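Me: I'd like to go through this model with you, mostly its charged pairs and a few odd backbone spots. Can you take my questions one at a time?

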Amino acid sequence: MEAAQIKEMVRARYGGIAEATGDTSCCAPASSSCGDTAPGTPAEKSRQMGYSDAELAAVPDGANLGLGCGNPQGIAALKPGEIVVDLGSGAGFDCFLAARQVGENGRVIGVDMTHEMLKKARENAAKINAVNVEFRLGELEHLPVADNTADAILSNCVINLVPDKAQVLREAFRVLKPGGRLAISDVVNTAPLSLELQADTALLCGCIAGAAPVERIESWLAQAGFIEVRVTPRPESRELVASWAPGRGIENFVASATVEARKPGGDGASCG
């Protein structure tokens with residue numbers, strides 16, 4: 001499938017999720033993304049990903065759609081005053097959590113290519129008067145953010161959906177300040193997919209068929225210029241991954257992982 005076709009398919013699926021999901025609803029189009037067909041409420045799914053009850057209670061209703069495959073907040077080590085960019089910000093869940101950590105002197109920029117998600121995120125921000133959060137329309141391969149802006153970049157199970165993942169990582173490198181860091185949760189490919197799974201377009205939109213092997217991600221990060229690269233699969237994610245397409249055995253082919261890296265320069269612990 002052509003890259004443009006993949007992108008439009010993903011855009012349509014996630015736009016559908018945003019429109020179908022109200023403040024109290026967890027309904028969404030079938031097989032449309034990570035976690036959305038798994039049993040349970042968005043809060044229950046997010047607990048499986050590693051979010052705490054305190055984190056879940058800290059965001060406005062409708063911000064947590066139960067999507068994702070991990071908790072990038074757990075590895076980000078955000079500090080007051082920092083500037084954070086969230087790649088594929090959706091309804092704003094991770095942005096609002098990050099905003100609490102960076103405080104009023106910090107800033108969070110969410111980037112998403114889906115108009116419906118941006119609308120939902122901005123409505124959620126207005127609910128809590130989140131003045132240190134903004135949401136921008138853009139594609140991850142061409143971020144609408146200036147060079148050397150961010151202390152940290154977050155992302156939760158979105159980069160795997162992009163056809164040109166290497167370009168996303170090059171853009172992340174550009175946007176980070178010297179010494180800035182990546183804190184990403186995503187899925188990685190742990191075994192070659194069967195032809196049946198490769199051909200399933202629902203799995204392409206569902207964070208499975210687009211997953212790349214650890215070695216390839218490490219190579220892309222190094223080629224982009226990152227240092228201190230760590231891509232760490234999470235074996236405990238097996239049950240969560242299996243719930244995305246029950247009975248298909250996808251947990252034998254992909255796993256959730258944390259992706260960490262740093263842009264050279266600075267002191268390695270930069271603050272905005």
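Reply: Sure, and one definition comes up throughout: buried means under 20% relative accessible area, exposed means over 50%, and partly exposed is in between (1.4 Å probe, protein chains only). This is a predicted model, so local features need pLDDT of at least 70 and side-chain atom pairs count only at pLDDT 80 or more, while totals for chains, interfaces and linings use all residues. Residues are numbered from 1 along each chain as its sequence is written, and side-chain values use heavy atoms, with hydrogens and water left out.

Me: How many salt bridges are there?
Reply: The rule here asks for a side-chain nitrogen of Lys or Arg within 4 Å of a carboxyl oxygen of Asp or Glu. Side chains of opposite charge can pair when their charged atoms come close. By that rule, the count is 11.

Me: Which residue does Glu82 form a salt bridge with?
Reply: The closest N and O atoms of the pair are 2.7 Å apart. Helices (H or I, at least four residues) and strands (E, at least two) are DSSP runs, numbered from the N terminus. Glu82 sits in the loop between α4 (73–76) and β1 (83–87), and its partner is 99 residues away in strand β5 (residues 176–189). Both residues are buried, and the partner is Arg181.

Me: How far apart in sequence are the parts that Arg107 and Glu134 tie together?
Reply: These two form a salt bridge, with the closest N and O atoms 3.2 Å apart. Arg107 lies in strand β2 (residues 107–112) and Glu134 in strand β3 (residues 133–137), so the pair ties together parts separated by 27 residues.

Me: Are Arg107 and Glu134 buried or partly exposed?
Reply: Arg107 has a relative accessible area of 30%. For Glu134 the value is 28%. That makes Arg107 partly exposed, and Glu134 is likewise partly exposed.

Me: Which residue is linked with Arg107 and Glu134 in a network of salt bridges?
Reply: Arg107 and Glu134 form a salt bridge at 3.2 Å between the closest N and O atoms. The network that links them also takes in Arg136.

Me: What separates Arg174 and Glu171 along helix α7?
Reply: Their side chains meet in a salt bridge (2.7 Å, N to O). Arg174 is partly exposed at 23% relative accessibility, whereas Glu171 is buried at 10%. Because they are three residues apart in α7 (residues 165–175), the separation is about one helical turn.

Me: Why is helix α5 described as largely enclosed by the rest of the structure?
Reply: Helix α5 covers residues 93–102. Its buried residues include Phe93, Cys95, Phe96 and Leu97. The helix is largely enclosed because the buried residues number eight of the 10.

Me: Which residue just after α5 takes a positive phi?
Reply: The phi there is about 75 degrees. The residue is Gly103.

Me: Where is Asn148 found?
Reply: Asn148 has a positive phi of about 55 degrees although it isn't a glycine. At 43% relative accessibility, Asn148 counts as partly exposed. It is found in the loop between β3 and β4 (150–156).

Me: Which strand is Glu228 found in?
Reply: Glu228 is not a glycine, yet it has a positive phi of about 50 degrees. At 44% relative accessibility it counts as partly exposed. Its strand, spanning residues 227–233, is β7.
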